[in-house]
Amino acid sequence: MIVAEQKPFEEIRRMITPYERVLILGCGTCMTVCDAGGEREVSFLHNALRLAQARSGDVAHTFSEYTLKRQCDPEFLELLPEKVADVDVVLSLGCGIGVQAIAESFPEMPVLPGVNTSFMGMTKESGVWDERCAACGDCRLEDTAGICPITRCTKGILNGPCAGTKKGKCEANKDMDCAWILIYQRLERLQQLDKMRRYYPPRNFRTIPRPRRIVTKAAVVTGEGDG
Amino acid sequence: MANSSFEEKLGSNKFVVTTEVGPPKSVDISEMVHHIELLKDKVDAINITDHQSSVMRFPSLGGALLVKELGGEPVLQMTCRDRNRLALQADLLMAYSRGITNVLCLTGDSVDVGDHKEAKPVFDLDSVQLLKMIRTLESGTDMGGNELKAAPRFCIGATVHPEADFVEPQLVKFDKKVAAGAQFFQTQGIFDLASLRRFMQYASQFNVKILAGIIVLSSAGMARYMNNNVPGIIVSQTIIDELAAVEKGKGLQKGIEIAARMIKTIKEEKLCHGVHIMAVGNERVVPGILEAAELVNA
Ligand code: SF4
Ligand code: SF4
């Protein structure tokens with residue numbers, strides 16, 4: 001899933017300054033799971049913004065809130081025109097993709113990002129998320145025992161550990177495991193150390209000309225004789 | 001045929017001595033010039049470091065050029081941290097055209113350990129891929145498969161870490177570097193000769209030259225600092241204790257003594273093919289070390 005952090009409260013207050021009626025728009029998928037912009041966070045933020053405004057004595061904004069099942073999918077945007085009709089700005093707590101999907105659907109409406117979209121990762125423990133994939137477009141997990149060197153090695157190198165690793169940790173961060181030590185140990189456990197010994201050529205960055213687009217091919221794999 | 005005087009020395013059975021000079025964070029290069037002049041006739045080659053520890057400085061290519069101009073033999077250190085494959089290849093063409101033909105291929109320290117922590121880390125290639133790339137250039141084509149009108153020829157080396165606390169993966173990488181074309185290795189700092197002996201038992205099966213890295217320590221505090229802050233370095237407790245035992249102000253002298261003693265043993269017992277002395281900022285003491293190790297170059 002996509003992992004994000006809500007922007008600092010003061011930054012959010014600064015962003016909404018020019019607008020009167022603000023719709024705080026949550027997302028029911030990834031942003032809910034990473035506690036950055038689901039229904040709960042929308043309601044917390046709504047209250048906090050109202051409270052801050054009341055304290056400041058300057059009633060400049062009115063707020064409304066709504067949470068979509070998913071902001072990045074037009075299918076779920078159906079009810080939105082009604083909610084957006086009488087506001088001046090949408091403060092989206094969707095990830096960067098959600099923000100852009102809303103902006104594309106409402107060409108006249110300013111949309112503000114309420115979260116900093118950080119990475120694709122997984123829940124490590126309650127309240128802790130770890131990055132796991134950088135969407136390199138050429139997945140090599142087969143060769144690396146299911147541990148991604150591009151994401152988990154700070155240098156993203158492909159032919160084994162640098163000389164900076166100490167006590168199994170990365171030279172860049174003593175709290176972070178060295179990806180290549182993990183890969184070595186797991187390949188050893190799987191009796192696949194030959195994969196460690198292989199030479200891996202430089203990455204092909206043409207697999208990621210930005211922005212990328214994927215067009216669906218066949219819905220099912222039809223097997224032999226196909227095309 | 002040997003391609004440089006350094007390559008020739010590697011090919012002979014002589015004990016090879018290299019050292020390194022770190023360029024300044026300055027446009028005043030007088031101190032670097034002084035260090036090069038001091039060392040050029042006493043060692044077989046001088047490495048010029050490439051933004052060592054990811055700290056921005058005068059470039060290694062400029063330093064290597066200076067060594068050449070001053071009549072010394074440079075080893076150009078080249079990391080993959082700051083340049084993509086276009087820039088690396090271009091710098092190699094430039095280096096060769098100016099007579100710089102020894103290259104030490106490194107992945108490079110992480111940007112996070114340096115003084116520009118917000119910089120974009122490049123790492124388009126890693127050290128093994130850089131070695132291969134140089135061999136590709138020598139074959140007459142660039143990495144894009146395009147022909148070079150004239151091809152360079154280099155003597156290429158890499159590093160290896162015999163004292164890594166988990167050495168097996170480092171040895172796998174060493175094998176890959178050999179297969180990729182490395183002719184010589186300058187090891188990370190050696191502080192315990194037993195680990196060098198163990199490593200050489202393994203490495204002697206390959207036709208490559210191993211120069212043991214000798215770091216000149218100046219105090220127990222420096223050793224502890226390096227253990228905590230310099231990627232990969234592990235100074236043994238015995239050495240730290242030895243440094244800690246001397247009175248204040250005598251640390252560097254002790255460090256020189258330790259370095260000279262290790263070099264002497266390595267040479268006498270023929271543990272490997274030579275040494276690479278890293279004085280980290282104390283370049284001026286290197287001649288003294290050579291003398292104490294009875295290694296003054298003919
Ligand atoms: S190799 Fe890593 S970054 Fe690339 S697709 Fe696989 S998991 Fe993602
Ligand atoms: S210590 Fe390990 S994870 Fe960190 S940069 Fe080196 S190889 Fe990558």
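In what follows, Ala, Val, Leu, Ile, Met, Phe, Trp, Tyr, Cys and Pro count as nonpolar, Asp, Glu, Lys and Arg as charged, and the others, Gly among them, as polar. With that settled, let me say that the model we are looking at is a predicted one, and that I will speak about its cavities and then about one pair of helices.

Two cavities of 30 Å³ or more are counted. I begin with the second largest, which has a volume of about 60 Å³ and is lined by Ile190(B), Phe191(B), Ile214(B), Ile215(B), Leu217(B), Ile239(B), Gly255(B), Ile258(B), Ala259(B) and Met262(B). Two elements of chain B, β7 (209-215) and α10 (251-268), each give two or more residues to this lining, and α10(B) gives the most, with four. By class, the lining holds nine nonpolar residues, one polar and no charged.

The largest cavity holds about 90 Å³ of space, and among its 13 lining residues the closest to the centre are Cys153(A), Thr154(A), Cys162(A), Cys170(A) and Cys178(A). Here the lining divides into seven nonpolar, two polar and four charged residues.

Now to the helices. In chain B, α4 (residues 85-97) and α5 (residues 127-138) pack with their axes 11 Å apart and at an angle of about 55 degrees, and α4(B) and α5(B) are therefore oblique to each other. The crossing of α4(B) past α5(B) is right-handed. On the α4(B) side the contact is made by Leu88(B), Gln89(B) and Leu92(B), and on the α5(B) side by Leu130(B), Met133(B), Ile134(B) and Leu137(B), which by class gives six nonpolar residues, one polar and no charged.

Notes: Residues numbered from 1 in each chain as written. Chains lettered and ligands numbered in written order. Predicted model: local features only at pLDDT ≥ 70, side-chain atom pairs only at ≥ 80, totals over all residues. Heavy atoms only, no water. 1 Å grid on protein atoms, 1.4 Å probe; cavity = no way out; pocket = protein on both sides within 12 Å on 5 of 7 lines; lining within 4 Å. Points joined across faces, edges and corners; volume = space filled by probe spheres on them. Axes fitted to C-alpha atoms, helices over the stretch in contact; angles between N-to-C directions. Parallel < 35°, antiparallel > 145°, perpendicular 65-115°, else oblique. Left-handed = near helix turned anticlockwise from the far one by under 90°. Contact = heavy atoms within 4.5 Å.
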